Amino acid sequence: MFPAYEKGGSLYAGPCRNIPLLELNPSNIDGALRRGLEQNHLITYLGLRFVWTRQHSKNLVILDDLQKIGDPLADACIAEILASGELKRGGDFLESVEAHASSHPSSSCSDLLAFMSRPPDFEVDEDAVEKGKLLFLSLLPISSLALLHLSLVGGFSAPQINKTLNSTGYLTNSNPKSVRLRLFETFKMISDAMTASDFDGPNTSIGGLSPTAINSITKVRLLHAFVRQNLLKKPQTVGIPINQTELIVTSLSFSQNVLLGIESLLGSPLPPQNKSSYVHLWKTISHYIGITSPSLISSPICSTVSLETILITLVRPDRTSEIAAATVLEAVSESPPFKWPRGIHTKICRKVMGLDLSAALGISTSNVTWKVNIRFYIILSLLKIYSTLVSYIGPSYFSKLNGRISRAIMSDIFSDYKTFNGVRGGNHNEKLKRMEEVLEGGKIKRERRFGTVKVWAGAIGFAVGGYIIIRKLT
């Protein structure tokens, strides 16, 4: 499935000599699961290749049980404010919860705010959390491409999750501008989560996350609970929407899949310590988003096994998957900030997802011209050059620069109205108009030009400084 798996399989695969091979596809996989997958068999599915272990079997049972659980704490909180009538149309979820908690100290709203204001019950390595943020932000041009083309587009390969997205119109709206707005809203939450622990002042962080990050995560958690309660009222809803398993899928999409996407685009593995730090960051974020089983995503190995188990159990690309993937690719094509043609996005998807899953999602290069192919390889080369510059100049410099640019863009887009993250209703047309003004205006161009000048100035300074040092030593 992912090119990152092609050289040696998963972290559990090891040497594959004399290991029984089991080739699975969407037509025979459900039957194989009913019969039971045997341990120490080499599994191939949609291009993914790994050895099925005892831990995979354990995860299979755990994830099945977790599909029956939502988010009890946030669900009770939303039920309270809806019953009290304190949530007005277009009102902010978090503001309503804070207001209810102040007048009802023993309420579920108070319990949720208390939960969000204390460190997790597992040990948080705040240094690792900061290094995880550093990795994402320093490689932002690469990590954002992995986020879009693998985490989001690739995520449509799970029809069970698509049902929730379709029922809310999230990322499947026929209006490309609405889809782009939803993408920016998703990125805003991640951008907020990546802010430095001292972003809001010294000694204000909670579990290594800034108050800005906690507030944004809380709004998303409350939004999940609100959508869950609305969907459960509909007779056609089967099971628990946005359940614990689906939350874990989302967490892995933003953590493990981003790492796999970065490695695929760069064509080389990331340092193990960097990967561990990034996974630990998302383990911490996942705790606050409402995930109750952090052990499934506690390390790169655990995350890999969980991801492989989820792919075997949930990934069944169908027609809804193709439509959702095509909708997002169409929405981002020829649009700011890059204004790349659809062929470029198609090539990136096939690069990070692999050919099998791309084909299952209907992502084809049949209409990609030779000019687009050349442009795609130039983009890949530039990304690798950028990664080299980050290594030589230092990730801290690029992390601060990219963080400032992304926050400037997000604050411009979302400054004049409350975002969808935590808001019911609101003037959607005003949101779209504001987004287009920012993207088509000069703000991004100025920020990118300023960033480019600083990058090249740093690179030239580094080269000149190195030359002077070498001359003095010789």
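F254 counts as buried, because its relative accessibility is 8% and the cut-off for buried is under 20%. That single residue is our way in. The model around it is predicted. F254 has an aromatic partner, W282. The two ring centres are 5.4 Å apart, and the planes meet at 45°, which makes the pair tilted. F254 sits in helix α11, residues 244-254. W282 sits in helix α13. The two residues are 28 apart along the chain, and their pair links distant parts of it. W282 is buried too, with a relative accessible area of 4%.

Now step back to the whole chain. Its secondary structure comes to 21 helices and three strands. The chain has 474 residues, and buried residues make up 53% of them. Take the contacts with a separation of 6 or more. Residues 24 or more positions apart account for 74% of these.

Return to the rings. How many aromatic pairs does the structure hold? The count is eight. A pair of aromatic rings is described by the distance of the centres and the angle of the planes. Try this on F136 and Y278. Their centres are 6.2 Å apart and their planes lie at 0°, so the pair is stacked. F136 belongs to helix α6, residues 126-138, and Y278 to helix α13, residues 272-289. These parts are 142 residues apart in sequence, so the pair ties together parts from distant positions in the sequence. Are the two rings' residues buried or exposed? F136 is buried, at 2% relative accessible area. Y278 is buried as well, at 1%.

Other rings join up differently. Y386, Y397 and F398 are linked into a cluster by ring pairs. A charged residue also meets a ring. K283 lies over the face of F122, 4.3 Å from the ring centre.

Next comes the nonpolar core. The largest one has 123 residues. Which residues have the most contacts inside it? They are F136, L209, I248, Y278, I312 and M353. F136 and Y278 are therefore members of this core as well as partners in the stacked pair. Helix α10, residues 211-232, gives the most to the core, with 10 residues. I248 shows what such contacts look like. Leaving out residues up to four places away in sequence, I248 touches L63, L66, I291, L296, I297 and I310.

Helices also pack against each other. Two packed helices are described by the angle between their axes and the distance between the axes. Take helix α3, residues 72-84, and helix α4, residues 93-103. Their axes come within 10 Å and cross at roughly 80°. α3 and α4 are therefore roughly perpendicular to each other. Which residues make the contact? From α3 come C77, I78, E80, I81 and S84. From α4 come F93, S96, V97 and H100.

Two serines are worth a stop. S303 is in helix α14, residues 300-314. S303 is buried, with a relative accessible area of 1%. What does S303 touch, not counting residues up to four places away in sequence? The list is L252, Q256, V279, L296, I297 and S298. V279 is 24 residues from S303 along the chain, yet their C-alpha atoms are separated by 7.9 Å. L296 and I297 are also touched by I248.

The second serine is S399, in helix α19, residues 395-413. At 10% relative accessibility, S399 counts as buried. Neighbours within four places in sequence aside, S399 is in contact with K133, L134, L137 and S138.

Last, look at the backbone. Most residues other than glycine have a negative phi. Two residues here have a positive value. Phi of L46 is near 50°. Phi of N203 is near 60°. Where do these residues lie? L46 is in the loop between β2 (41-45) and β3 (48-52). N203 is in the loop between α9 (176-193) and α10. Their surroundings contrast. L46 counts as buried, at 12% relative accessibility. N203 is exposed, with a relative accessible area of 83%.

Technical notes: Residues are numbered from 1 along each chain as its sequence is written. This is a predicted model: local features need pLDDT of at least 70, side-chain atom pairs count only at pLDDT 80 or more; totals for chains, interfaces and linings use all residues. Side-chain values use heavy atoms; hydrogens and water are left out. Rings of Phe, Tyr and Trp (its six-membered ring) pair if their centres lie within 6.5 Å; planes under 30 degrees apart count as stacked, over 60 as edge-to-face and the rest as tilted. Helices (H or I, at least four residues) and strands (E, at least two) are DSSP runs, numbered from the N terminus. Buried means under 20% relative accessible area, exposed over 50%, partly exposed in between (1.4 Å probe, protein chains only). A charge sits over a ring if NZ of Lys or CZ of Arg is within 6 Å of the ring centre and within 35 degrees of the ring normal. A nonpolar core is a set of buried Ala, Val, Leu, Ile, Met, Phe, Trp, Tyr and Cys residues joined through side-chain atoms within 4.5 Å. Contact means heavy atoms within 4.5 Å. Axes are lines fitted to C-alpha atoms, for helices over the stretch in contact, and angles run from 0 to 180 degrees between N-to-C directions. Angles under 35 degrees count as roughly parallel, over 145 as roughly antiparallel, 65 to 115 as roughly perpendicular and the rest as oblique.
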